[in-house]
Amino acid sequence: MDKNTKIAFLGLGSMGGPMARRVLAAGYPLTVWNRSPGRTEEFAKQGATVAESPADAVRDAEVVVTMLADPPAVREVVGAFASELRTGTFLIEASTIGPAAVAEVEKELPAGVALIDAPVMGSVDRAASGELSLMVGGEADPVMPLLELFGTVNRTGATGTGAALKLVLINAVVNGVTVIAEAMALADALGLPEDQVKRAMAASPLAGIAGRAFAEGAYFPIRLAAKDVALAATAASLPIATTVHQRLTAHPEAADEDLSQIVKWSR
Ligand SMILES: NC(=O)c1ccc[n+]([C@@H]2O[C@H](COP(=O)([O-])OP(=O)(O)OC[C@H]3O[C@@H](n4cnc5c(N)ncnc54)[C@H](OP(=O)(O)O)[C@@H]3O)[C@@H](O)[C@H]2O)c1
């Protein structure tokens with residue numbers, strides 16, 4: 001691919017928005033589509049083409065990127081554009097949907113369309129700065145320049161392996177943040193000062209996960225974290241993830257809050 005390669009980006013949410021902005025800023029001809037049209041306005045002002053439908057978005061594209069909420073969203077959107085994809089097109093599926101849904105998507109695609117699963121670790125701050133970590137399954141060599149705009153590319157093997165590794169990592173992270181929340185509740189019960197506990201965590205093997213539990217620039221809503229542990233629990237028997245899922249879904253009114261809020265719930 002080169003800077004004239006036509007890109008279609010579908011899904012301009014908290015992550016897709018900043019990722020698509022990087023595609024535009026890099027100078028690629030970009031067509032965008034989002035279910036709620038308001039999110040496309042700033043892209044139109046900056047020179048992107050705004051499509052009326054998923055099918056319109058992909059019709060002329062050489063590379064299509066989807067960054068959508070969950071498996072039902074991806075099924076719906078891919079179902080709406082699959083028949084329009086031209087032979088030789090690449091579909092980069094960046095949402096977190098797990099390998100089973102990636103396999104379903106692959107079955108929907110016409111012959112000659114290559115599917116690359118490229119889910120990401122890192123939140124909105126890293127999406128904006130191009131510092132995500134991408135787990136990339138499939139024959140991605142031809143689209144590496146685009147993937148590298150989003151962050152560091154980790155090649156995982158065949159199509160679906162990126163989605164699988166992402167599920168392993170995010171399930172452990174979400175469970176880990178819940179463990180930090182419980183640790184803070186214990187510290188409170190034992191009368192320990194919060195600063196002291198945070199400093200001790202930062203100097204312990206808990207450092208990375210405590211960093212996420214107390215992160216400030218991240219926005220990974222609890223509803224998406226619940227979706228991820230539920231997806232993980234469909235792939236294996238995971239009693240901890242099942243318990244964490246119950247906890248994450250116990251406060252539907254807080255579903256749009258960042259995952260770090262569960263630390264507050266526990267105290
Ligand atoms: N946020 C994070 O920190 C983070 C980090 C890594 C990975 N992820 C993963 O990346 C993906 C996107 O996350 P996000 O934070 O950008 O989510 P988000 O802000 O909720 O955006 C979701 C996007 O999906 C669209 N959508 C939802 N249901 C749809 C449907 N049925 N049909 C068509 N479009 C639909 C939304 O459209 P509307 O604008 O119309 O709602 C929006 O564009 C998720 O799989 C998430 O798990 C998120």
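Below, a colleague asks a modeller how some labels used for this predicted model were reached.

Colleague: How is the chain divided, and how far apart are the parts?
Modeller: The chain has a domain 1, residues 7-159, and a domain 2, residues 165-265. Their centres, taken over C-alpha atoms, are separated by 28 Å. Domain 1 puts 12 residues into the contact between them, and domain 2 puts in 14 residues.

Colleague: What makes up the largest nonpolar core?
Modeller: That core holds 79 residues. I7, F9, V32, V63, I92, I116 and A225 have the most contacts inside it. Helix α8, residues 161-189, gives the most to this core, namely 11 residues. At least three residues come from each of domain 1 and domain 2.

Colleague: Which residues does I92 touch?
Modeller: Setting aside residues up to four places away in sequence, I92 touches V63, V64, V65, I116, A118 and V143.

Colleague: Why is V78 called buried?
Modeller: The label buried needs 20 or more other C-beta atoms within 10 Å. V78 has 25 of them, so V78 is buried.

Colleague: Where is V78 found, and what is it in contact with?
Modeller: V78 is found in helix α4, residues 71-81. Leaving aside neighbours within four places in sequence, V78 is in contact with T66, V105 and E108. V78 and E108 are 30 residues apart in sequence, while their C-alpha atoms are 7.7 Å apart in space.

Colleague: P72 is also in helix α4. Is P72 buried or exposed, and how do you know?
Modeller: The limit for exposed is 12 or fewer other C-beta atoms within 10 Å. P72 has 12, so P72 is exposed. The C-alpha atoms of P72 and A101 are separated by 9.0 Å, with the two residues 29 residues apart along the chain.

Colleague: What makes A44 exposed?
Modeller: The limit is again 12 or fewer. A44 has 12 other C-beta atoms within 10 Å, and therefore A44 is exposed. A44 lies in helix α2, residues 41-45. From A44 to V32 is 12 residues in sequence and 8.7 Å in space, C-alpha to C-alpha.

Colleague: Why is E139 called partly exposed?
Modeller: Exposed stops at 12 and buried starts at 20, and partly exposed is what lies in between. E139 has 13 other C-beta atoms within 10 Å, so E139 is partly exposed. The place of E139 is in the loop between β8 (132-137) and α7 (144-150). E139 and A111 are 28 residues apart along the chain, and 15 Å separate their C-alpha atoms.

Colleague: Now the helix pairs. Why is α4 called roughly parallel to α5?
Modeller: The axes of α4 and α5 cross at roughly 5° and come within 10 Å. Angles under 35 degrees count as roughly parallel, so α4 is roughly parallel to α5. The contact is made by P71, V74, R75, V78 and G79 of α4 with A101, E104, V105 and E108 of α5.

Colleague: How do you know that α5 is roughly antiparallel to α8?
Modeller: Helix α5, residues 98-108, packs with α8 at an angle of about 155°, and their axes are 7 Å apart. Angles over 145 degrees count as roughly antiparallel, so that is the label for α5 and α8. On the α5 side the contact is made by G98, P99 and V102, and on the α8 side by A163, A164 and L167.

Colleague: In which hand does α5 pass α8?
Modeller: The crossing is right-handed.

Colleague: What makes α11 roughly antiparallel to α12?
Modeller: Helix α11 covers residues 222-235 and helix α12 covers residues 239-248. They pack at an angle of about 155°, with their axes 9 Å apart. The cut-off is over 145 degrees, so α11 is roughly antiparallel to α12.

Colleague: Is the crossing of α11 and α12 left-handed or right-handed, and which residues make the contact?
Modeller: The crossing of α11 and α12 is left-handed. From α11, the contact is made by I222, A225, A226, V229, A230, A232 and A233. From α12, A241, T242, V244, H245 and L248 make the contact. A225 is also among the residues with the most contacts inside the largest nonpolar core.

Methods:
Residues are numbered from 1 along each chain as its sequence is written. This is a predicted model: local features need pLDDT of at least 70, side-chain atom pairs count only at pLDDT 80 or more; totals for chains, interfaces and linings use all residues. A nonpolar core is a set of buried Ala, Val, Leu, Ile, Met, Phe, Trp, Tyr and Cys residues joined through C-beta atoms within 7 Å. Helices (H or I, at least four residues) and strands (E, at least two) are DSSP runs, numbered from the N terminus. Domain bounds come from an automatic or database domain assignment. Two residues are in contact if their C-beta atoms, placed from the backbone, lie within 7 Å. Axes are lines fitted to C-alpha atoms, for helices over the stretch in contact, and angles run from 0 to 180 degrees between N-to-C directions. Angles under 35 degrees count as roughly parallel, over 145 as roughly antiparallel, 65 to 115 as roughly perpendicular and the rest as oblique. A crossing is left-handed if the near helix is turned anticlockwise from the far one by less than a right angle, and right-handed if clockwise.
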